[in-house]
Amino acid sequence: MANVRRVVMTSSVTAMTPNPNMPSDAVLDESCWSDEDYLRKNNFWYMLGKTLGEKAAWEYAQNNGIDLITICPCLVLGPLLQAKPNATSFVVLTLLNGSTFSRGNTTLGIVDVRDVAKAHLLAYETEAASGRYLCRGEPVTKAAMVEILRRLYPDYPIPSRITEPPNIFPTPREFSDKIVDELGLEYMPLETTLNDTVASFKEKGLLL
């Protein structure tokens, strides 16, 4: 590691939230961490893994003098590299196929996978970059995303509405813009991301 100037690590927004002690009107920023006890109690093992993994990386970096930067993306959509949908793109695919399973109308921070890649490059190349960066595009509720998809793709059996059961964990409504202010990241428009996600589904034979 002697010749490594900087390490840029992909973490996740799930290392920042959920935290039941976070006020509902608080801004989700780079100082936030998910509550480990809450994650264990509710069997949120993926989120716990992301949280513990990033904390371990910070501890190692600090003990070994490594300039570490972490990028914490929200819900990542956009063109697929792999042949099958991942967990995040599956959210859109199931809507296009008419799924009506219950989903809470939470606020999502959707980000294009190409913007996530760009964020890593900017973090590496920007000398003044430091610490953690929340990477999220335009905040949108699930209900609003459904309406956008219905407008863009009227021939698909997209549900006319979604149910609004109680959220299984608290979600923030305001988000930090540190990555925009310090790295100059410019997010793609949400409709571009959704359009390119659907086009990728068709290209991969996942959607007619």
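## Two sheets, their helices and their cores

Lys 50 lies in helix H2. The model discussed here is predicted.

Visitor: Is Lys 50 buried, partly exposed or exposed?
Guide: The relative accessible area of Lys 50 is 26%. A residue counts as buried under 20% and as exposed over 50%. Lys 50 therefore falls in the class in between, and is partly exposed.

Visitor: Which residues does Lys 50 touch, not counting residues up to four places away in sequence?
Guide: One link joins parts of the chain that are 39 residues apart: the C-alpha atoms of Lys 50 and Ser 11 are separated by 6.5 Å. With residues up to four places away in sequence left out, the contacts of Lys 50 are Ser 11, Ser 12, Thr 14 and Ala 15.

Visitor: Across which strands does helix H2 lie?
Guide: Helix H2 covers residues 45-64 and runs at about 165 degrees to S3. The strands that H2 lies across are S1, S3 and S6.

Visitor: In what order do S1, S3 and S6 stand in their sheet?
Guide: S1 and S3 pair in the parallel sense over four bridges. S3, residues 68-73, is joined to S6 by five bridges, and these two strands also run parallel. The result is an open sheet of three strands in the order S1-S3-S6.

Visitor: Why is one side of S1 and of S6 left without a neighbour in the sheet?
Guide: Strand S1 (7-10) and strand S6 (131-135) each have a single partner strand, so one side of each has no neighbour in the sheet. Neighbouring strands here are turned by 20 degrees against each other on average, direction ignored. The position that S1 and S6 hold is at the edges.

Visitor: Which residue of S3 is the bridge partner of Val 8?
Guide: Strand S3 has bridges to S1 and to S6. Towards S6, Ile 69 stands opposite Gly 131, and Ile 71 has Tyr 133 as its bridge partner. Val 8 has as its partner in S3 Ile 69.

Visitor: How many of the six residues of S3 are buried?
Guide: In a regular strand the side chains alternate between the two faces of the sheet. On one side of S3, Leu 68, Thr 70 and Cys 72 are buried, and on the other side Ile 69, Ile 71 and Pro 73 are buried as well. Strand S3 is largely enclosed by the rest of the structure, because the number of its residues that are buried is six of six.

Visitor: In what order do the strands of the sheet with mixed pairing stand?
Guide: S4 and S5 pair in the parallel sense over three bridges, whereas S5 and strand S7 (residues 139-141) run antiparallel, joined by three bridges. S4 and S7 are the edge strands, each pairing on one side only. This open sheet has the order S4-S5-S7.

Visitor: Which residue of S7 stands opposite Leu 108?
Guide: On the S4 side of S5, Val 76 stands opposite Val 111, and Leu 77 has Asp 112 as its bridge partner. Five of the six residues of S5 are buried, so this strand is largely enclosed by the rest of the structure. Towards S7, Leu 108 stands opposite Val 140.

Visitor: At roughly what angle do the axes of H5 and H7 cross?
Guide: Helix H7 lies across S4, S5 and S7. The axes of helix H5 (residues 142-152) and H7 (residues 190-203) come within 11 Å. Their crossing is right-handed, and its angle is roughly 60 degrees.

Visitor: How many nonpolar residues does the contact of H5 with H7 have?
Guide: From H5, Met 145, Ile 148, Leu 149, Arg 151 and Leu 152 take part, meeting Leu 190, Glu 191, Leu 194 and Asn 195 in H7. By class, one residue of this contact is polar and two are charged, while the nonpolar residues number six.

Visitor: Which residues touch the most other members of the largest nonpolar core?
Guide: This core has 22 residues, and S4, H3, S5, H5 and H7 each supply at least two of them. A second, separate core of 12 residues includes Ile 69 and Tyr 133. In the largest core, the residues that touch the most other members are Leu 96, Ile 110, Leu 149 and Leu 194.

Definitions and conventions
Residues are numbered from 1 along each chain as its sequence is written. This is a predicted model: local features need pLDDT of at least 70, side-chain atom pairs count only at pLDDT 80 or more; totals for chains, interfaces and linings use all residues. Side-chain values use heavy atoms; hydrogens and water are left out. Two strands pair if DSSP finds at least two bridges between them. Axes are lines fitted to C-alpha atoms, for helices over the stretch in contact, and angles run from 0 to 180 degrees between N-to-C directions. Contact means heavy atoms within 4.5 Å. A crossing is left-handed if the near helix is turned anticlockwise from the far one by less than a right angle, and right-handed if clockwise. Ala, Val, Leu, Ile, Met, Phe, Trp, Tyr, Cys and Pro count as nonpolar, Asp, Glu, Lys and Arg as charged, and the others, Gly among them, as polar. Buried means under 20% relative accessible area, exposed over 50%, partly exposed in between (1.4 Å probe, protein chains only). A nonpolar core is a set of buried Ala, Val, Leu, Ile, Met, Phe, Trp, Tyr and Cys residues joined through side-chain atoms within 4.5 Å.
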